[in-house]
Amino acid sequence: MLNIAQETDTSSLTSRFRGIRGAKGANSRKFSIRSSVYCLLIAIFAGCLSVVSHAAPPKITAAKPVPRAIMKLERDYVTNLDGREHPLNVGSVVTLQMSSGKIYPDLEVAQVERGSKPNTFKQITFKPVKGVPPKIAPAAMRQIRTPDNIYDVVIDPASKSYLLIDQKLRDEVAARRLESKRNRLWEEPKPEEVAEAKTFYEDLMQKAQADNPQSRFHKVETQYFVFYTDMPPAQVAGYIANLDKMYDQLCVLFSIPVGTNIWVGKCPVIVFTNPNSFHSFEAKHMDTSDTQGIAGLSHQWSDGRVITICGRGDDPVFFAVVLVHETAHGFLHRIRSTSRIPSWMNEGVSEWIASVVVPQSSHIANRMTGAMPQIRSTGSLGGLLSADAGIDGWQYGVAATMTQFLVSTDANAYRGLITAIKEGYTWQEALELTYGITPEQLVSAYGRQLGLNNLQP
Ligand SMILES: [Zn+2]
């Protein structure tokens with residue numbers, strides 16, 4: 001008999017309505033804000049597992065930074081550099097943001113070497129300024145900002161030259177597309193929104209302590225996280241390091257500049273040593289009545305707040321996976337817009353990043369071992385791609401290795417895939433606009449990696 005801890009998502013994508021906590025009286029906000037929950041359910045199942053395998057599923061590996069190459073998705077927003085007015089006119093003053101996160105303000109364009117194809121350039125020379133390198137490779141540039149617009153710098157691999165993507169135009173088009181689906185682009189949170197979120201989070205932390213007077217909670221803050229727990233302090237550092245690694249790796253994956261804060265304030269994480277304290281906290285304060293078998297939850301609101309709440313339990317490696325997995329859901333919520341990415345991708349990225357950050361965990365390998373007999377006997381992924389109310393437990397390993405397959409095939413297209421969905425395209429449209437394939441072609445190619453011909457979604 002073999003026992004395997006297996007995670008199943010149950011209540012993901014279930015949206016509920018919940019009022020925001022705020023100041024009482026004249027300023028109290030009466031409107032409701034959409035909230036949703038992502039979770040991991042641990043079910044224990046027993047049985048004999050087939051270990052026969054014909055071809056190995058993709059091995060999970062970290063993503064490396066790749067050049068931001070122009071995609072079909074972005075062709076409509078290419079800035080016209082052939083007209084009279086454009087941001088690279090000689091004498092224009094711009095702010096340059098590098099991919100490293102470094103910012104050079106007030107640079108005056110001195111000369112632009114144009115590429116052979118329309119609207120492309122090979123090099124920009126700025127008037128010399130102290131502290132700014134005399135020659136800056138366009139490949140290291142992320143954005144050029146003018147007083148009224150922002151332009152993304154992307155490479156056109158075919159001509160080895162560069163293009164500017166008009167971000168204002170892109171935002172306008174995306175906002176219209178999102179509006180028709182009752183979603184919206186995230187905006188930079190206002191100081192009062194950050195303060196309000198912080199009050200909300202701190203209130204929850206106080207409740208965690210008040211409900212558990214026998215335990216002593218303490219707070220550890222990092223650049224992007226506030227970790228609140230009753231775990232022994234010596235145990236906390238490793239888990240926080242995992243969250244920081246997750247943050248850095250997701251920034252690489254989605255080409256988010258170093259130093260960008262994606263949260264409204266900092267992302268709060270509450271961890272109860274005793275899972276029972278987690279269950280009762282969820283029922284009492286988070287309106288989540290049935291958390292039996294669930295190890296952690298990511299709560300998300302349509303105003304941008306997110307929180308991760310977990311029960312540590314007895315398996316430190318599995319807990320590390322749960323923590324990263326749940327917090328990654330929160331990160332995905334905060335990319336670009338309120339738009340939701342489908343279950344198989346959402347769980348896929350969360351599982352993938354948990355495997356990257358916690359390589360000592362064998363949960364993906366175990367899940368794939370568990371899933372293979374079913375995939376082989378049915379010749380299908382059991383409707384994985386069309387599941388919109390959460391995917392089945394056995395499909396998590398598939399979602400993770402499918403993510404690995406997409407990232408290792410073309411990491412730039414993967415960034416585009418998630419961005420396109422966040423800009424209001426369906427995931428099928430997004431797949432076509434970035435990888436240029438249909439869902440059936442994706443599954444078929446993934447199946448060949450497993451040694452299976454004609455695999456069906
Ligand atoms: Zn999940």
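This is a short talk through one chain, from its overall make-up to a few places where its parts meet.

Hi everyone, thanks for coming. Before we start, please keep in mind that this is a predicted model.

Let's begin with the whole chain. Its secondary structure comes to eleven helices and 14 strands. Of the 457 residues, 39% are buried. How far apart in sequence are the residues that touch? If we take contacts between residues at least 6 apart, 67% of them join residues at least 24 apart.

Now to the strands, where I have two hairpins for you. One is built from β10, residues 218-221, and β11, residues 225-229, which pair in the antiparallel sense over four bridges. Three residues sit between these two strands. If you want a spot to find by eye, look for Glu221, which stands opposite Val226 in β11.

The other hairpin joins β13 and β14, with four residues between them. In that turn you will find Gly304, whose phi is positive, at about 105 degrees. The pairing of β13 with β14, residues 306-311, is antiparallel and runs over five bridges, and here Gly296 faces Cys310 of β14. Is β13 enclosed or open? Seven of its eight residues, which span 294-301, are buried, so β13 is largely enclosed by the rest of the structure.

Let's move on to a loop. Gly101 lies between β4, residues 93-98, and β5, residues 103-114. Gly101 counts as partly exposed, because it has 13 C-beta neighbours inside 10 Å. What does Gly101 touch, apart from its neighbours within four places in sequence? The answer is Pro257, Val258 and Gly259. Just along from those, Thr260 is 159 residues away from Gly101 along the chain, yet their C-alpha atoms are separated by 7.9 Å.

Next, the helices. Helix α3 covers residues 233-253 and helix α6 covers residues 343-357; they pack at an angle of about 120 degrees, with axes 10 Å apart. That angle makes α3 oblique to α6. The crossing is right-handed. On the α3 side, the contact uses Asn242, Lys245, Met246, Gln249 and Leu250, and α6 brings Ile353, Val356 and Val357. By class, that is five nonpolar, two polar and one charged residues.

Asn242 comes up again when we turn to helix α5. Ala320 lies in α5, residues 316-333, and leaving out residues up to four places away in sequence, Ala320 touches Tyr239, Asn242 and Val358. Is Ala320 buried or exposed? With 21 other C-beta atoms within 10 Å, Ala320 is buried, since the cut-off is 20 or more. For the Tyr239 partner, 81 residues away along the chain, the C-alpha separation from Ala320 is 6.4 Å.

My last stop is another pair of helices, α9, residues 411-422, and α10, residues 427-434. Their axes come within 8 Å and cross at roughly 145 degrees. This crossing is right-handed too. From α9, the contact takes in Ala413, Gly416, Leu417, Ala420 and Ile421, while α10 supplies Trp427, Ala430, Leu431, Leu433 and Thr434. What classes of residue meet here? There are eight nonpolar, two polar and no charged residues in the contact of α9 with α10.

That's my tour. Thanks for listening!

Key: Residues numbered from 1 in each chain as written. Predicted model: local features only at pLDDT ≥ 70, side-chain atom pairs only at ≥ 80, totals over all residues. Axes fitted to C-alpha atoms, helices over the stretch in contact; angles between N-to-C directions. Parallel < 35°, antiparallel > 145°, perpendicular 65-115°, else oblique. Left-handed = near helix turned anticlockwise from the far one by under 90°. Contact = placed C-beta atoms within 7 Å. Nonpolar A, V, L, I, M, F, W, Y, C, P; charged D, E, K, R; others polar. Buried ≥ 20, exposed ≤ 12 C-beta atoms within 10 Å, placed from the backbone. Pairing = 2+ DSSP bridges.
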